[in-house]
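Me: Hi! I'd like to go through this structure with you. Could you start with the terms?

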Amino acid sequence: MAGGGTPADLDAAVTAAAPQGVRAVHPAMAVLEYFLVGYKRVWRGTVFSSFALPVLFFLGMGVAVGAYVDRGGNLDMPYLQFIAPGLLAFTGLQIAMMESGFPVLGNFKWHKIYFGMASAPLRVGDMLLGQLGYISLRVLVAATGFLLVMVPFGAIGSAWAVLTPLVAVLVGLAVATPMFAYSATVQSPNLMAIMFRFGMLPMMLFSGVFFPVEQLPGALQPVAHALPLWHGVELSRAAALDVNAAWPVAVHAGYLALWCVVGFALARIRFIKRLAV
Amino acid sequence: MTDGAPLISARGLIKRFGDFTAVDGIDVDVHAGEAFGFLGPNGAGKSSTMRMIGCVSPPSGGELRVLGMDPQRQGPDIRARLGVCPQEDNLDQELTARENLVTYARYFGIGRKVARQRADELLEFVQLSERAGSKVEPLSGGMKRRLTIARALVNEPDIVMLDEPTTGLDPQARHLVWERLFRLKQRGTTLVLTTHYMDEAEQLCDRLVIMDGGAVAAEGSPRELIERYSTREVVELRFGTDALEPYASKLDGIGARVEVLPDRILLYADDGDTAVPAVYERNLTPSGVLVRRASLEDVFLHLTGRTLVEA
Amino acid sequence: MVTTLVTRAVAGDELRARRAGAVTGRNVTAFRAGGAYWWLVISGMAEPLLYLFAIGWGVGALVGDMPLPDGRTVSYLTFLAPALLAAAAMNGAVAESTMNFFAKMKFAKLYDSVLNTPVTPVEIAFGELGWAMMRGSMYSGAFLVLMAVMGVTTPALALVAFPAALLVGFAFGAIGLALATVMRTWQDFDYMGVVQFALFLFSGTFVPVSSYPVAMQVIVQLTPLYHGVELVRGITLDMLSWSLAWNVLYLVVVTLAGLAFAARRMRKLLRK
Ligand SMILES: Nc1ncnc2c1ncn2[C@@H]1O[C@H](COP(=O)(O)OP(=O)(O)OP(=O)(O)O)[C@@H](O)[C@H]1O
Ligand SMILES: [Mg+2]
């Protein structure tokens, strides 16, 4: 849970990053390395859960409920194909939320990791980039694994599907960056649980992963459109099935990128604030 | 409880952890109203003994009666009448100082109203009333210790068990704790405490056992022990060198006994003021001379050949 | 006295409701002090509701009607709602009795001090379970009210279903406590979370168990959430029959076994 290695790993990482004549490693790389070292200790459990969750969703909803959906004939494609790309984008959301919630709060509150980093010659931007890089890697691996599972089920209809893990990464970053800002702001673990239930869960359930957003009441549709996951789902579905997205691909991607940029700026501000005390 | 029967009685009490024997067949009696101490170095088995008496650690052998009851079968009834201050403060981090006391009282089945009232009284008693609403974390070490002691009193126990009540406290905090414990004693509360500070043992204990390596090395009141195992006074001699053996051999016969420590020689004599000139008469010129009263430290040294607190 | 003898036989310690209640009370105090109190309570209620709307109503529009074992057909939302209630009872109880309990035992060393009082390990287990149930019952109650308001069930049946939902919570709370005593690190909780999620999806929750492959049907019928879903669905959708007694029996046995195991393990872990 510590979201990183031991204090000794941290020392090693920041020493590697320290500008001793020639800078050997980019500081953000040192941070990334630090998180990867920590990950080496816990990867079994996390790989299992970050991969198993979407796959279970796929089997339980896509296959089992899918049989009943297809019987109803209310969707213009098999439910399996509908849900698979959505779950792939969801994988990005899920891992990003998990890694930018409690671990970040913990690194401030309990493990004081960030304070250690900040007292070493590491800038907040580097810290964020390093940890975001780590999260991106995690998403990439899990999404690729999920994609490979989808293929034999016939849930993939296009070679463009190879791009879907990148969509998952984009979704992950769009969510992780503002979440970093949130986690750097709150003090109570209770507030973290609340964010998961009021932020992540509704987004997961109402962003077109399980049923088309058009089914939502008119007033709620703009809300779904405003949140990042829906754009990821549209992009992912477009790539996996070679169909048109709701809006032009560039708009979806650009909107997600906007979330990343604004989120990053917010996170930077909140980190600097929190580290200043 | 008939008068005179010990509140705590152990015979051949043993505690093993795997192959290792932490407490090796000790006999102890603690009587009502007395302050009883376990004095011993790290690892002597003090805490293990306390935990057995506190009915949280089952003995591996021997006999133990607490308040006339069997800890194995009547644990809850015994613990209801004990107040325990463990070696490590294990206060509830999620609660405030006052909530800690109230909640703890509830574990004893004490009604909410009485619990609140006692909490306030006890906070006053350990001088923490100002911090009543504070969470545990920001309290200083000494405050936490006092709060833990207050917690041990919340059920108005017949026996208060204190495992190293003042370790890690600064002198001022220690004296405050001592003073509070002394007051408890005056009220007639039975105290059982462990310590590796001989001054603490001398201050607080009516009677004590010296433990070493899981066994009892000696038992008695501090005065008895000193009289039995030491002379009345001790002359500490320093010679500005580590090679003390040659000096020691020249001191033969001046006092009752000579002990060589790494940095000094202890000369045991009933009258230090006559012993010191005798040292000079033998053409020895120590760089430092100190005459002091014998303490439990000397008793321990005599019994085990080691000092209590490593220098 | 009888209960004392029973618990002594099962768990080797005595059990007094008042002391177990003190352990529950401690959690209430800590929960209040934790900040954001009501939001947490409300958000806990919100979780099954969100699932109900998204899957029951959203996916339900794609699914259409579902057949019930007694021959009726109902809307997918009606089919799903009772199962979500049972699953919510599971999730609430497990969250409290595993993670939080584990943290209190291993890291906060909370029980080390509690065991210096008359409170026994089995009372701690019951007290923690009581706390898990307090939270769980708020959630179950709110959900049942909503089900009655939406016409999924009748108020009378909802009243009967309430203790059934509590029983599901008890069973999973007890399982959770037992699991927490054998967990070594936080990592183990990742595996547990996956198993829990699998139960959530495959206990006849989203589709009737009869639509699973036969081998899977057999396995599913051995797992506890299946019995919880059967029980709650049977009551709220007015399919009362004697077969529900089996589900009740199963859950009661699981509860007692889980508690006995947890109390024994706690004695081992805490009374060194
Ligand atoms: N739970 C345990 N498992 C294994 N060994 C233990 C355990 N508790 C204590 N011991 C061992 O038993 C011996 C006595 O320990 P104990 O804590 O009773 O000593 P102590 O006199 O209280 O020492 P200190 O002054 O350091 O507190 C030590 O060698 C210790 O390592
Ligand atoms: Mg000790």
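Reply: Sure! A polar contact here is a pair of N or O atoms within 3.5 Å; within protein, one must be able to donate a hydrogen and the other to accept it, and residues adjacent in sequence count only if both atoms are side-chain atoms. This is a predicted model, where local features need pLDDT of at least 70 and side-chain atom pairs count only at pLDDT 80 or more, while totals for chains, interfaces and linings use all residues. Residues are numbered from 1 along each chain as its sequence is written, chains are lettered from A and ligands numbered from 1 in the order in which they are written, and side-chain values use heavy atoms, leaving out hydrogens and water.

Me: How many residue pairs are in polar contact across the interface of chain A and chain C?

Reply: The rule finds six, with both residues at pLDDT 80 or more.

Me: And which helix gives the most to the side of chain A that touches chain C?

Reply: That's H2(A), with 19 residues. Helices are DSSP runs (H or I, at least four residues), numbered from the N terminus.

Me: What area is buried between the two chains?

Reply: About 3,500 Å², and carbon and sulfur atoms give 76% of that. Buried area is the accessible area (1.4 Å probe) that two parts lose on being put together, summed over both.

Me: Which side chains meet in a salt bridge?

Reply: Arg197(A) and Glu47(C), at 3.0 Å, N to O. The rule (side-chain nitrogen of Lys or Arg within 4 Å of a carboxyl oxygen of Asp or Glu) finds one salt bridge across this interface.

Me: Switching topic: what follows H6(C)?

Reply: Gly151(C), whose phi is positive, near 80°.

How values were computed:
Helix = DSSP H or I, 4+ residues; strand = E, 2+ residues; numbered from the N terminus.
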